[in-house]
Amino acid sequence: MVSEIIAPTELKKVDPVFGQLSFNDHEQIVFCQDKDTGLKAIIGIHNTVLGPALGGTRMWNYENEWEALNDVLRLSRGMTYKSAITGLNLGGGKAVIIGDAKTQKNPALMRRFGEFVHSLSGKYITAEDVGMETADMDTVREVTPYVTGISEEKGGAGNPSPITAYGVFMGMKAAAKYQFGDDSLEDKKVLVQGVGHVGETLVDHLYNEGAQLFISDINEERLLELAKKYKAVIVPGNEIFNHELDVYAPCALGATINDATVNAINAKIVAGAANNQLADEKVHGAILKERGIAYAPDFLINAGGIINVYAELEGYDKKEILRKTENIYKTTLDIFTHADTNNCTTHQSALQIAQQRIDNRKLAMKK
């Protein structure tokens, strides 16, 4: 039972949803709650001009609901531009479930979440993200067809993480071509921050190319295992920027490039899988440019995952998935050239190109 209701005179003192800095012309925000399963989730639909909003579901133990809202707003906006710049006929959406994926996730909760997704009648299509597995998407599929990233056994494209990592690898090689004149990463010092599903696969690609590997993660047991497997140097989280590197690859959560770190980064390239790596797109993107650090826009080079799950909607095969993902290399080089020509940051350049595609579709729809 609700014991207290905020008076209208006090409501203005509470930050409203539309007042959130991350609320950037979003079309719809859906708050989902179910007492029986304990589900608390937020679905963010940023833009559907190019097609239905597709984006993964993240389960995370957020400190508070405002933090969860801010995350889903930033992530869903990023998905709009990710699909646009990759040439996919999709809009941008994302979902977050508030809770500990290791202890609170269960089939009943996932099915209930799937029912909320289904209630949107295809305006939002979900997939896996942090805290989710392919098996969870299979469970969601039991109650709604509006889900991708389901297992190959059930007719899906399977786990998108390997393709995401491959796209990041392509983007990193393109950044090396721009910065060093050669896209080889052999003997380059690369630090991968976050060695989960995507991070480990990226480490594998780098190892096979002959890079000098440094790895960092909160999971010490996993670090020890991968350090032995890939002959990598373990770097504690508080020492990441103490090392002189060729490439810094953030592959965990976002905003690792912020006021406290942007001037401490000791690398010539930033190219990783994490979403929203720049805490402030304009400020921190500009500082990287001023320092001569080549930044490969995250929403471009980590688009391999959405390319993979998009295959389920369009029906193309693994060969086409790889072809589209490999094209991230060319697009990344184009972004560097466009940014130099227009004297702007690579992040701004990528946003401009993606937004132009959306604006062109809007104009076409009005005719």
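I take buried to mean under 20% relative accessible area, exposed over 50% and partly exposed in between, with a 1.4 Å probe and protein chains only. My helices (H or I, at least four residues) and strands (E, at least two) are DSSP runs, numbered from the N terminus.

A note to self before going on: this is a predicted model, where local features need pLDDT of at least 70 and side-chain atom pairs count only at pLDDT 80 or more, while totals for chains, interfaces and linings use all residues. Residues are numbered from 1 along each chain as its sequence is written, and side-chain values use heavy atoms, with hydrogens and water left out.

**Strand β6.** I started with β6, residues 189–193, and found four of its five residues buried. I then looked up its partners, counting two strands as paired if DSSP finds at least two bridges between them. β6 runs parallel to β7 (residues 212–216) over five bridges, and V190 sits opposite L213 in β7. Between these strands the chain passes through helix α6 (residues 197–209), in a right-handed β-α-β crossover. Right-handed here says that, with the strands pointing away from the viewer, the path from the first strand over the helix to the second runs clockwise. β6 also pairs in parallel with β9 (residues 247–250), over four bridges, and there Q193 faces P250.

**H347.** Next I visited H347 in helix α13, residues 346–366. Its relative accessible area is 6%, so I log H347 as buried. Leaving out residues up to four places away in sequence, H347 has contacts (heavy atoms within 4.5 Å) with L278, E281, Y295, P297 and F299.

**Cysteines.** I searched for disulfides, meaning pairs of cysteine sulfur atoms within 2.5 Å, and the structure holds zero. C32 is buried because its relative accessibility is 3%, and C251 is buried at 12%.
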